Amino acid sequence: MPSRFQSFDDPADPAATRPRLAALRAELTRRDLDGFVVPRADRWQNEYVAPCDERLAWLTGFTGSAGAAIVLADRAVLFVDGRYTLQAAEQVDPDLFEIAHLTDTPPSDWIEANLPAGRRLGYDPWLHTVRGAEKLASACAQAGGTLVPVETNPVDAVWADRPAPPRGAVVIHDTRHAGEAATDKLARLRGELAAGRLAALVVSDPHAVAWLFNIRGSDVAHTPLPLATAIVPAEGRPSLHVDPDKIEPAVREALSGLADLPGPDAFERDLARLAATGATIRIDDATGADAIARIVTEAGGQISRGADPIALMKAVKNPTEIDGARTAHRRDGLALTRFLAWLDGACRDGAADRMPTEIDAVEALERFRADSGMLEDVSFPTIAGAGPNGAIVHYRVTRRTNRRLASGELFLIDSGAQYVDGTTDVTRTVAIGTPSDEMRDRFTRVLKGHVAVARAVFPDGTTGAQLDSLARMFLWSAGLDFDHGTGHGIGSYLSVHEGPARISKLGTTPLMRGMILSDEPGYYKTGAYGIRIENLLLVTEAPFVPGAEKPLNAFETLTLAPIDLRLVSPSLMSADEIAWLDAYHARVRETLSPALDTSTRDWLARATRPVAAFAGVTA
């Protein structure tokens, strides 16, 4: 059965980008601009954007979820982070675009070093945050140039076959899944605004809009979002700005009890009217568009810069959302276990030319999830990397790159699902045939880091940055590392990548009980294989610790799926680590077995044996 939710079509031929780049440069000349910044963004700063907003992919050929380009008259550069360096090299014409590391050489640094003095660099203020636009403006000034806002995007002017905007229907997210009525959420939010002496909040992030009003939609792939914005005053009715064609009468009736529904075209007018009173309005400078700040200041309002308080409210799941997450992970664990059993059989019984391909695996896993009758979407395009493709951190299989699994290699599959009661994200690395000693060594070091995070006990106020090194220390001791964060937040039937908390070198938000985060250390050997082990964790109260002088937190592992014991080197593991793995596998087996057929139940029993009992392995 073909995938319902993701395409395996090959990216555009890099040669197609040459006339597009030439057309953009001609348009910039017509507008008296010497260059233009093209971020991978929409006006809501979403991770997944509608096809009509894929400007970076259209211009450069790069299809990753993060990046930016700067186009000047005589040179162009594409910025990508460490997840995408290999992918960008394959997708982008090097004669047209230089490739720079987004972290090591961010666009602002590049502009400061390379923009000729006196030049005018254009940008679309709807596609850059307040903070991001300030960095660009400062860099231009340091270079002796000027950052120039445009009223209409020049890429759109030359994109002849640009897709139409999405028109997915808005639906109500029932309180039996949300766990809290929208009226109560609005009351809590108004309390935050009053405490901050704010007249209003611009809710520019559609995830926050969806959470606040208990609505969902289908305007972007893999995240159930309605593309919408809201203005919430400290007193009075909010206004929810969403395309009226997306709202059925019953939904309109429900939402009308919460907010005015003037439509998206009225957003700028309504915001300017509020700002004209001199009101102090909170704009999230990390996610709010620079254009929003310009509307407020030009109308005479005052901007309060800081975090949207909804972000933290949304990140701390309520009891209903937590119960839903547990249920969703049991359901997902059954699907993943059936898939892993299928994969093991297909690889063991098949001749080399009949082994499954990466696309076969993606479609099979989706089929097992769909069999639950509860699958709404995948939570992101499945990463299914066989052999060297697994070393590409955010690899996306296409018909051109599709690779058959082969004995002696590793297969990395990172996937997730959207269910109405929870969002999942899980990665497993599987040995195809007999793994090498090096593979087992690297896998076990990754596993030790994963276990160290999962077993962590930490005081209130601990941040993700403080835990990040736990996932890396066993790789570091061998001179190894991975070039991505250890964990990200997870939404509740919302984004699979949710802020503000994360486990990474940059994770400054304290971890709070009720947050759900991923634990996904990895190792990637270019041209050979990739390894990643990912479970989702719930921050909980730690078990009682005698003599503790402050409140302690711990993690509950939500994900339920076996970890490949064929890749474990017990001699590298401590007794406590082995005990954790054995206990985790016992819980997976006891939770999932009653709902499995006999053959899959037998496979799971073998796959989750205690380490000491695993064939050919001694603890």
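**Exercise 1. Locate Asn46 and describe its surroundings.**

Begin with the position: Asn46 sits in the loop that joins β1 (35–39) to α2 (55–60), where helices (H or I, at least four residues) and strands (E, at least two) are DSSP runs numbered from the N terminus. The model is predicted, so that local features need pLDDT of at least 70 and side-chain atom pairs count only at pLDDT 80 or more, while totals for chains, interfaces and linings use all residues. Residues are numbered from 1 along each chain as its sequence is written, and side-chain values use heavy atoms, with hydrogens and water left out.

Is Asn46 buried or exposed? Asn46 counts as buried because its relative accessibility is 4%, and buried means under 20% relative accessible area, exposed over 50% and partly exposed in between (1.4 Å probe, protein chains only).

Next, list the partners: apart from neighbours within four places in sequence, Asn46 is in contact with Arg40, Pro206, His207, Leu225 and Leu227, contact being heavy atoms within 4.5 Å.

**Exercise 2. Work out how the sheet is arranged.**

First write down the strand order, which in this open sheet of 6 strands is β4-β3-β2-β1-β5-β6, with mixed pairing; two strands pair if DSSP finds at least two bridges between them. The edge strands, each pairing on one side only, are β4 (98–101) and β6 (146–149).

Then examine one pair: β5 (residues 120–123) and β6 run parallel over 4 bridges, and Arg120 has Thr146 in β6 as its bridge partner.
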